[in-house]
Amino acid sequence: MKIYTSAGQELLDTGDDRSGHDLDSIDLSGRDLRHANLEGFNFSDASLRSVDLRNADLYWAIMFRADLTDADLRDAVLRGADLKEARLAGADLRGANLTQDNVGGATQLQGACLANAKLQGALLTGAKYNDATQFPQGFDPEDQGLRKVTR
C-alpha cells in the first residue's frame, strides 16, 4: 500500500498487499509521514512510535490502542479521530486540531495516555475523555473544552 501527501506525492510504500485504508497492527515507527493524507485510515494496534506526522491529515482516522509514544503530531488534523486507549506519552500535539468533525462527531480520547504530551496550542474543544484518560501533570481538560463522558 502506498501513502501519499494531500498534494499526491508518494511518501511511503508499505510493501504489503493491504487494501483500502487498513493499516491495523502495522509498524511504522520512526517514519517520516509529514503532510501525509491519512484521512479515514485504520491504525488500530499499530506501532507509530516516534513517527513524524507533522501537518498530517488524520481526519476520522482510527487509532484505537495505537502506540504513538513520542510521535510528532504538530499541526496535524485529528478531528473526529478515534484515539481510545492510544498511547500518546511524550507525543508533541502542539497546534494539532482535535475538535469535532464536520458532522459534529467528537475526537475520542477515552482511556488514552497523554502523560508528558505537549498540548500547548492544541485545539481540543469537544474532544471526549473519561476517568481512564491520563493527561500531563497540571493539565485541566475542562479548561481546554474537553467533555468528560462516563462510557
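**Exercise 1. Locate W60 and E85 in the chain, and describe their backbone and accessibility.**

*Solution.* Step 1: W60 lies in the loop between β2 (10–13) and β3 (128–129); strands here are DSSP runs (E, at least two residues), and helices are runs of H or I of at least four residues, both numbered from the N terminus. This is a predicted model, in which local features need pLDDT of at least 70, side-chain atom pairs count only at pLDDT 80 or more, and totals for chains, interfaces and linings use all residues. Residues are numbered from 1 along each chain as its sequence is written, and side-chain values use heavy atoms, with hydrogens and water left out.

Step 2: The phi angle of W60 is near 60°, a positive value in a residue other than glycine. W60 has a relative accessible area of 42% and is therefore partly exposed, given that buried means under 20%, exposed over 50% and partly exposed in between (1.4 Å probe, protein chains only).

Step 3: E85 is also placed in the loop between β2 and β3. Its phi is near 60°, again a positive value in a residue other than glycine. With 40% relative accessibility, E85 counts as partly exposed.

**Exercise 2. Trace the salt bridges of D92 and state which network they belong to.**

*Solution.* Step 1: A salt bridge requires a side-chain nitrogen of Lys or Arg within 4 Å of a carboxyl oxygen of Asp or Glu. The structure holds 14 salt bridges.

Step 2: R74 and D92 meet through their side chains at 3.5 Å, N to O. This pair links distant parts of the chain: R74 and D92 both lie in the loop between β2 and β3, 18 residues apart. R74 is partly exposed, at a relative accessible area of 27%, whereas D92 is buried at 8%.

Step 3: R94 forms a salt bridge with D92 as well, and the closest N and O atoms are 2.5 Å apart. R94 has a relative accessible area of 35% and is partly exposed. Salt bridges that share partners join D32, R34, D52, R54, D72, R74, D92 and R94 into one network.

**Exercise 3. Describe the salt bridge between R18 and D16 and the accessibility of each partner.**

*Solution.* Step 1: The side chains of R18 and D16 form a salt bridge of 2.7 Å, N to O.

Step 2: R18 is partly exposed at 28% relative accessibility, and D16 is partly exposed at 27%.

**Exercise 4. Characterise the ring pair of Y129 and F135.**

*Solution.* Step 1: Rings of Phe, Tyr and Trp (its six-membered ring) pair if their centres lie within 6.5 Å; planes under 30 degrees apart are stacked, over 60 edge-to-face, and the rest tilted. The count by this rule is 4 aromatic pairs.

Step 2: Y129 and F135 form one such pair, at 5.4 Å centre to centre with 75° between the planes, which is edge-to-face. Both residues are buried.

Step 3: Ring pairs link Y129, F135 and F139 into a cluster.

**Exercise 5. Determine which residues line the largest cavity and how they divide by type.**

*Solution.* Step 1: A cavity is a set of points, on a 1 Å grid over the protein atoms alone, where a 1.4 Å probe fits but cannot get out. Grid points are joined across faces, edges and corners, and a volume is the space filled by probe spheres set on the points. The structure holds 1 cavity of 30 Å³ or more, and the volume of the largest cavity is about 30 Å³.

Step 2: Lining residues have an atom within 4 Å of a point. For the largest cavity they are L93, L98, L109, L114, L119, L124, F135, F139 and L146.

Step 3: The lining divides into 9 nonpolar, no polar and no charged residues, where Ala, Val, Leu, Ile, Met, Phe, Trp, Tyr, Cys and Pro count as nonpolar, Asp, Glu, Lys and Arg as charged, and the others, Gly among them, as polar.

Note on methods: On a 1 Å grid over the protein atoms alone, a cavity is a set of points where a 1.4 Å probe fits but cannot get out, and a pocket is an open set with protein on both sides within 12 Å along at least five of seven lines; lining residues have an atom within 4 Å of a point.
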